[in-house]
Amino acid sequence: MVTLNSYLVLSGLLFAIGTAGVFLRRNLITVLLSIEIMLNAVNLTFVAVGRFRGSVDGQVITFFVMTVAAAEAAIGLALIIALFRHRETLSPDAFTSLKW
Amino acid sequence: MDVFAFYAFGAVAILASLLVIGQGNPMHSVMLLIVSFGALAGLYVLLDAPFTAVTQIIVYAGAIMVLFLFVVMLLNVPREEPAPPGVSALLGPTGTRLGALLSLLLGVEIVWALADMGIRRPESTASVSSVALIGSAIFLRHAFAFEATSVLILVAMIGAVVLARREHS
């Protein structure tokens with residue numbers, strides 16, 4: 001029998017891996033992929049807690065998270081294409097004009 | 001059997017995610033993320049959520065990842081360039097180590113905070129696998145959120161077209 005704790009620990013680990021990707025990688029596409037990993041870790045938490053409470057609300061909110069993730073991926077990739085056209089690079093270090 | 005499947009899917013998900021952030025080729029990263037999402041879909045099946053598992057495969061592994069693949073192939077940048085020396089302390093090896101340390105700390109903290117959360121409540125025996133129940137929850141109790149989602153997707157679609165448009169001037 002797998003307990004709720006195992007699922008929560010697993011999704012915590014996945015979330016930390018996603019954060020590490022955002023911190024460590026210098027490629028905008030990989031950063032977006034890391035954000036997707038984080039979103040999926042949270043989805044796993046929602047579904048697991050919903051299952052162990054006996055409610056479908058966890059799956060409903062996962063559905064909405066997936067929709068928002070699709071919108072985020074579309075906008076993020078469009079931004080990446082526009083940025084790449086400007087600077088011919090995908091390194092976040094090249095886009096610091098707004099940094100104080 | 002359940003326990004074995006949980007550990008197998010969990011190990012695949014963690015290994016694939018580690019490899020996604022661990023190697024330099026974005027194309028391989030996208031492929032490995034699809035593997036990770038497949039393992040998560042398996043976990044959803046174990047959690048009595050076949051609808052979410054199928055949505056995960058169709059929407060995430062099918063649609064979103066294909067979008068990523070298109071952009072990776074369109075831009076054609078196989079390797080990320082190393083940080084130029086002396087740009088900023090935050091980009092050097094010290095900054096990288098600090099980032100790794102921070103995310104490790106976050107992982108330990110999250111696991112520690114979540115580790116004893118589930119014990120207090122006995123497991124419910126109610127079934128959550130019914131698609132009809134999910135449908136009525138979405139279309140009755142969360143009808144407004146569902147309609148707002150359609151506006152969100154419309155805005156995202158127009159925004160993506162406008163942002164990625166080539167400027168003629």
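**Exercise 1.** Which residues in helix 3 of chain A meet which residues in helix 3 of chain B? Give also the relative orientation of helix 3 of chain A and helix 3 of chain B.

*Solution.*
1. The model is predicted. The predictor gives the complex an ipTM of 0.90 and a pTM of 0.88.
2. Helix 3 of chain A covers residues 57-87, and helix 3 of chain B covers residues 50-75.
3. On the side of chain A, the residues in contact are Gln59(A), Thr62(A), Phe63(A), Met66(A), Ala69(A), Ala70(A), Ala73(A), Ala74(A), Leu77(A), Ile80(A), Ile81(A) and Phe84(A).
4. Their partners in helix 3 of chain B are Phe51(B), Thr52(B), Thr55(B), Val59(B), Tyr60(B), Ala63(B), Ile64(B), Leu67(B), Phe68(B), Val71(B) and Leu75(B).
5. By class, the residues of this contact comprise 19 nonpolar, four polar and no charged.
6. The two helices pack at an angle of about 0°, and their axes are 11 Å apart. Angles under 35 degrees count as roughly parallel, and helix 3 of chain A and helix 3 of chain B are therefore roughly parallel to each other.

**Exercise 2.** How many residues does each chain give to the contact between chain A and chain B, and which element of chain A gives the most?

*Solution.*
1. Chain A contributes 65 residues and chain B contributes 74 residues.
2. In chain A, the elements that give two or more residues are helix 1 (4-24), helix 2 (28-53) and helix 3.
3. Helix 3 of chain A gives the most to this side, with 22 residues.
4. The residues of chain A that touch chain B divide into 41 nonpolar, 17 polar and seven charged.

**Exercise 3.** Describe the fold of chain A and decide whether chain A is spread out or compact.

*Solution.*
1. Chain A has three helices and zero strands, in the sequence pattern α-α-α.
2. For 100 residues the globule rule gives 13 Å, whereas the radius of gyration of chain A is 17 Å, well over that value, so chain A is more spread out than a compact globule.
3. Along the principal axes, the C-alpha atoms of chain A fill a box of roughly 50 × 25 × 25 Å.
4. Of the 100 residues of chain A, 53% count as buried.
5. Among contacts in chain A with a separation of 6 or more, 46% are between residues 24 or more positions apart.

**Exercise 4.** Are helix 2 and helix 3 of chain B roughly parallel or antiparallel to each other? Place Leu69(B) in this arrangement.

*Solution.*
1. Chain B has six helices and zero strands. The mean pLDDT of chain B is 84, and 84% of its residues reach 70 or more.
2. Helix 2 (residues 26-46) of chain B packs against helix 3 of chain B at an angle of about 175°, with axes 8 Å apart. The cut-off is over 145 for roughly antiparallel, so helix 2 of chain B is roughly antiparallel to helix 3 of chain B.
3. Residues of helix 2 in this contact include Val30(B), Leu33(B), Phe37(B) and Tyr44(B); those of helix 3 include Ile57(B), Met65(B) and Leu69(B).
4. The residues of this contact divide into 19 nonpolar, three polar and no charged.
5. Leu69(B) lies in helix 3 of chain B and has 15 other C-beta atoms within 10 Å, so Leu69(B) is partly exposed.
6. Leu69(B) and Ser29(B) are 40 residues apart along the chain, and their C-alpha atoms are separated by 9.9 Å.
7. For the whole of chain B, 22% of the 169 residues count as buried.

Conventions. Residues are numbered from 1 along each chain as its sequence is written. Chains are lettered from A and ligands numbered from 1 in the order in which they are written. This is a predicted model: local features need pLDDT of at least 70, side-chain atom pairs count only at pLDDT 80 or more; totals for chains, interfaces and linings use all residues. pLDDT is the predictor's confidence in each residue, from 0 to 100. Axes are lines fitted to C-alpha atoms, for helices over the stretch in contact, and angles run from 0 to 180 degrees between N-to-C directions. Helices (H or I, at least four residues) and strands (E, at least two) are DSSP runs, numbered from the N terminus. Angles under 35 degrees count as roughly parallel, over 145 as roughly antiparallel, 65 to 115 as roughly perpendicular and the rest as oblique. Two residues are in contact if their C-beta atoms, placed from the backbone, lie within 7 Å. Ala, Val, Leu, Ile, Met, Phe, Trp, Tyr, Cys and Pro count as nonpolar, Asp, Glu, Lys and Arg as charged, and the others, Gly among them, as polar. The radius of gyration is taken over C-alpha atoms; the globule rule is 2.2 Å times the number of residues to the power 0.38. A residue is buried if 20 or more other C-beta atoms lie within 10 Å of its own, exposed if 12 or fewer, and partly exposed in between; C-beta atoms are placed from the backbone.
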